[in-house]
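Trainee: I should like to examine one part of this assembly closely, and then to see how that part relates to its surroundings. Would you please take me through it?

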Amino acid sequence: MHVYYFAVVTMQRRTFVKVAGGASMIGLAGCTGDDDDGNENGNGGNGNGNGGNGNGNGNGGDSFPSEDLRFVVPYSAGGGSDTYARQIASVLQEVRDVTITVENHEGSGGMIGTNELVGAGRNGHDILTHNLPTIALEYLQQDIDIFDIDDLRGAAIATYATTPRMTVKNPDLDIDTYEELIERQDEIAYGTPGGTELGILQIARELHGFEPATHVQYDGGNPAGQAAASGEVDVASAPEGSFQGAVGSGDIEPLFTWSSQGSNIFDGVPTIADEEQGGFEPFDWLSETGRALWTNPEASEEALEWWESAIEDVMTSDQMQEWSDETGQNIQFDGRETTNASFVDALEGLEEDLDLEDL
Amino acid sequence: MVREYSNDDLIALVFLVVGALAFYEAYTEFPYEEGVFPMIASGIMVFAAAIWLLRSFLPGVIYSALIEFEESREIDELVDDASDGTEAETEEQPAMYKLILLSGGYVGVAYLIGFLWATPVFVTAYGLFRKFDLKNHVVINAIAFLVVFSFAFFTTVPIDQGALWGYRV
Amino acid sequence: MIGALNEGISIILAGDTLLWLALGIMIGIVLGAIPGVGTSLGMAILLPLTAPLEGQDAIILLAAIYLGGNYGGSVAAILINAPGTAAAAATTLDGYPMSRKGEASRALAISAVASTLGGFIGIGFLILISPIVTRIVLQFRSQDYFLVALVGILMITLIARGPLIKGVAVGGLGLLLTTVGTSPLGLEQRYTFGTVYLFDGLNFVAILIGLFAVSEMYKLMTESGGISKGEFELGNEIVPGIRDALSRPKTIVKSSLIGIGVGAIPGAGASISTFIAYGEAVRSSGEEFGGGNPTGVAAVEACNNSTVGGSMIPTFSFGIPGGAATAVLLGGMLMHGLVPGPQLFDADLHVTYSIFFALFLGNFLILAVGLLAITRVGIVTQIDTKYIIPVVLVVALSGSYMLRTNWVDVATVLFMGIFGYYLRENDWSVIALVLGAVLGGLMESNLNRALQLSDGSFDIFVSRPLSIALTLMCFLILFGGPIKRKISETVGG
C-alpha cells in the first residue's frame, strides 16, 4: 500500500519565483517534438473519451461558479495533500461563501484523481491538488494513456507550498559534504523512497558523477530516514519533512539539500550549490517539490481568474496563517503564470533531461 | 469423496494454468529483479497444483507428508461440522447460482446508477426471489437503503452516482 | 520515566479528554463492526472535524477509534464470518464456528474480556519499554522484517486446513495477488492488463471481505434457518464466556506480547500478528482448533488490541504508519503539529504516555460495552439467514467501493466471494490465501532490499544475532513438529 506522507515544515517561507532555477537546464527547448502532436496550448484539447459528458457548453452565464465546487485529492484521506486540501477548502468556503466538497480519488501516484479532473467536464468547478514536478513524472513514468496531460497546460492555478529535497546521514558517518560523498561513493549505501528521487539520482549522476555503490528503495521518506538512523544505509534522501523528527532527536544528521533554495525547516543546512559542498550545479525544477492546484482543462478564463484570486485570498488569509503557525505546515502563494511555467518546465524538462526508461 | 473429485481437480487445474501463465509473463516480460518474486509465487502454485493432480503417482513417503497429512492434522479451519451435523444441507445449488447472478447484477446496476439507487433494486429482486411478504420487503429494503444512505451522507464518495445517472443526496 | 508518566496521566485527567476517549471508543466499535467501512475511513471522515480540538485530544480521539475498531471488528467476524477489519480475520477461525454452534454470545464475551486484557497487558508493557523503544526499533533491518513475514507465512503449515500441498498452492496464489500493480522496486507494471485502475494493485480488505463475508453468504444460501444451528441461550452464555477468557492467562499474555512485537512491524503488523498468535495457540495447546475453540478466539482478540499499541511504535518513532488507520492517525498528528520522531519516546515522552494511558483506560470501556451491550447482538445469529444475506451483500459490495472509490475493489469482492466459496467447498484453505495476500508485499520489498544491501548474498540472513534468531524460528516452525514427535517416540519407545 502506498502511504503518502508529506513534509511538515515549521518555518514560514517567503513567496518566491522559482522558474529561474531550472531555466538554465531546460531552456525553452521548443516543443516536445517526438511522437506527440505537440499540443502546446492545452486548453483546446478535450481528450475525455469516457462518457462523453458534453464539455465546453452551457456556461453562458457570467457568474462563476454556477454550481457547487469540488476539491479532488488524488491521494488517500489523512495524508499530507488531504490535510492541506481540507484546510484550504474550509477557508475557501468562508472567504468566498461557496460550497466545496473534498473527494479522495487515490491511486496510481495521483493519476486516477488527475483523470477524474480531466474527464469530469465540469467547466472549472473542480480543482485538483498534485505536486510539481511529480505530476509530470508520474504521468510519464507510468506511461499513462487514459488522459492527456497536455490538456492541463494553462489550467494550473497556484502553487501553495514548497518542499525541498534533502539528504541526511547516519551520525557515525564521517562525511560532511556532497563532494566527499561523491569521492567515497563506492562505499555508500543510499536509501530513497524512489519516485522523484530516482530522477534526482539520474541527473546527479549525469551532472556531478554521483553514483552510490548501493541504492535501496524504501516505502517512503520516513522509512528511508529510519534506515539511515539504524545504519542499514549510510545516507538517505527524501522531502525534508520526512526527516524532521529523527533529525530533532539526533538519530540522523542533515547533510545537504538538493535544492539551491536551502531548507525550510532546518537552520544552516548547506545546499549542493554552496562552495564548501563543492559548488555543484543545482536542478531545482526537480529537486524542489511544489504543491500546486489545477482546474478542469475546459475551464473558461473567467473561472481561471476566479480561482486564482480566491486561492490568493485563502493563502494570505489570517485563518491560513494561524493554521500554518499552529501546525508548522508551510504555506505560500504563487499564481497562474508562475505555476504554469513550472508545470511546462516539469513536462518538458522531464522529457528532455531524464531518461525515463533508465529510472 | 467421488462427488467432489471433479470440482477439486478443476480448481487444481485453474491453479496450474494461472500459475503457468503468470510465470511465463514474469519470465518473458518483467525485468529480472521485478520478476523474481512473481516467479517464485507462481512457481509455488504450479508446483503444488501439479503435485496434487499427480497425487496418485507419488511415492508413499511424499504422499503421506504432503497429502495424507490431513488425517493426522488436528486443526480445521472454518469447520462446517456444525451445520453438517445438525442439519442436512438443502442442496439448493441453483439458488446459490441465482444469488451469484443477482449480486453480479447488483454491481452492474450500481455501476450505471450508483450503489445508493441500485440497492433497492437488488433487495427487491432478491426479496421476490425468496418470496418475501410485504413487511419483509419494506423492512429489509429500509435497513439496506439506510446503511448505504449513511455512507453517502457521511462521506464524499460518489456512491449515489453511476456512469449513466445519479442523484446527489 | 515516572515523571513523564505522571505528567501524561495528569494531561488525561484534566479537561474533557476522557470524553473524547469514550466517544472515540464508541465510534470505533460501531465502525469496526461494519465490514468494508472499517475504522480508517471513519477516522478519515472525522479527521477534519478534530481541527478545533487540542492536539492531544484529537490524537486520543483518533487512537480510541482505532482501538475500538479493532475490538469492533471481531463482532461481525464472530456473528456473520465477516471480519470488519483485517485484524479480525483470524477471529473468524474459531469465533464463527462458535456462532454456528449457538455460542455467539459466549464468543462475544470472550472477545470483550480477551480484548481488554490484551489491551491492558500490551499497552502496559509498551509504557514500560517506551524509553528504550527507539533503540529496539533501530535493531530491525530489512532482512528481519522479511524473516518475520516468513514466520507469518509458515503459519500455513500450522493453521491451514486440508492437505498441506493444497495450502501451499493457495498460499502461492496469495503471494502472486500482491504482485499485481506497479512494482515496489521499479516501475514495471505487473499483471495490470494495461488498466490504470490496477496500478495500485488489489486491495487486501476487498480480498478479505470477498473470501469471508460474501462467500459465506453464498454458502448460507444453500441452507435454511439462522446462522446458529445450536441451542442459543442469551443470558447464560456471558459468564461462561468471561470464565473462558480468564482461564487462559498464558494464551492471553503470550498473544498480547506477540501483538506488541509483531504489531510494531510497519506494513502489515496488525494482520500478521493475529495469525501468529493464533498459530502459536494452536501449536502450544495441542487441542483441536477451527471448530469453535474458545482459546482461538481469546488468542486473536488479546492480540489484536495489543497490536494497536505495537503499531504506534513505528508511527510515533519514525512517522511510519503500519496501515491505513495509523496513516490517518499520522495525518492527525501532522494536522495538529505533533511531529513524529524518536523524541516522542524521549524528550516528549509525556505526550506519548498520555496517549498510551488514554488507550489503557479505553479498555475499561471496551469491557463494559462489550459485556453489557455487544453480547446481546448475538441474537443476530437466530435470524433466518434469508434476511441477513441481502443486507450483508449490500454492505460488503457498496462498502468495498468506498475503500478507494475504485471499481476494481468491488470486482475483487465479487470474484473472491465466488472463488472463495469453491475453495472452501473443496478443502482449499482460504486462510493460506489470506496469509499470502497480507504478507506478499512485505516479503518482496524487504527481501529485495536485503539482497540489494548484501549484493545478492544470502549471508545477510545470518549476519546479525537478531536475524539468526528469526531464521532459527522459521526452521523450528517448519521442522519443530516432526522433531518433537521423533524425540518423544524415541523417549517413549
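**A residue in chain C and its setting**

Mentor: In this predicted model, C:Ile209 has a relative accessible area of 2%, and because buried status requires a value under 20%, C:Ile209 counts as buried. The residue sits in helix α11 of chain C, which covers residues 204-220. One of its partners for comparison is C:Leu397: the two lie 188 residues apart in sequence, yet their C-alpha atoms are 8.8 Å apart in space.

The chain around this residue can be described in the same terms. Chain C has 493 residues, and 68% of them count as buried. Its secondary structure consists of 21 helices and 2 strands. Among contacts in chain C with a separation of 6 or more, 80% join residues 24 or more positions apart.

From the chain itself we may turn to its interface with chain B. Here 90 residues of chain C are in contact with 77 residues of chain B. The extent of an interface is often expressed as the accessible area lost when the parts come together. For chain B and chain C that figure is about 7,300 Å², with 69% of it on carbon and sulfur atoms.

As to specific pairs, the rule finds 1 salt bridge across the interface of chain B and chain C. It is formed by the side chains of B:Asp8 and C:Lys166, with a distance of 2.8 Å from N to O. Polar contacts across this interface involve 9 residue pairs, both residues of each pair being at pLDDT 80 or more. On the chain B side, at least two residues that touch chain C come from each of these helices: α1 (2-29), α2 (32-53), α3 (60-66), α5 (81-86), α6 (93-113), α7 (115-129) and α8 (134-154). The residues on that side of chain B comprise 49 nonpolar, 17 charged and 11 polar ones.

A word on confidence is also in order, with chain A as the case. The mean pLDDT of chain A is 81, and 82% of its residues reach 70 or more. Among its elements, strand β8 (residues 253-257) has the highest mean pLDDT, 96, whereas helix α1 (residues 19-26) has the lowest, 32. Over residues 1-61 of chain A pLDDT stays under 50, although the model has 123 contacts beyond four places in sequence for this stretch. Where pLDDT is low, the predicted coordinates should not be read in detail.

Conventions: Residues numbered from 1 in each chain as written. Chains lettered and ligands numbered in written order. Heavy atoms only, no water. pLDDT = per-residue confidence, 0-100. Helix = DSSP H or I, 4+ residues; strand = E, 2+ residues; numbered from the N terminus. Contact = heavy atoms within 4.5 Å. Buried area = accessible area lost by both parts, 1.4 Å probe. Salt bridge = Lys/Arg side-chain N within 4 Å of Asp/Glu carboxyl O. Polar contact = N/O pair within 3.5 Å; in protein donor to acceptor, adjacent residues only side chain to side chain. Nonpolar A, V, L, I, M, F, W, Y, C, P; charged D, E, K, R; others polar. Buried < 20%, exposed > 50% of the residue type's maximum accessible area, 1.4 Å probe, protein only.
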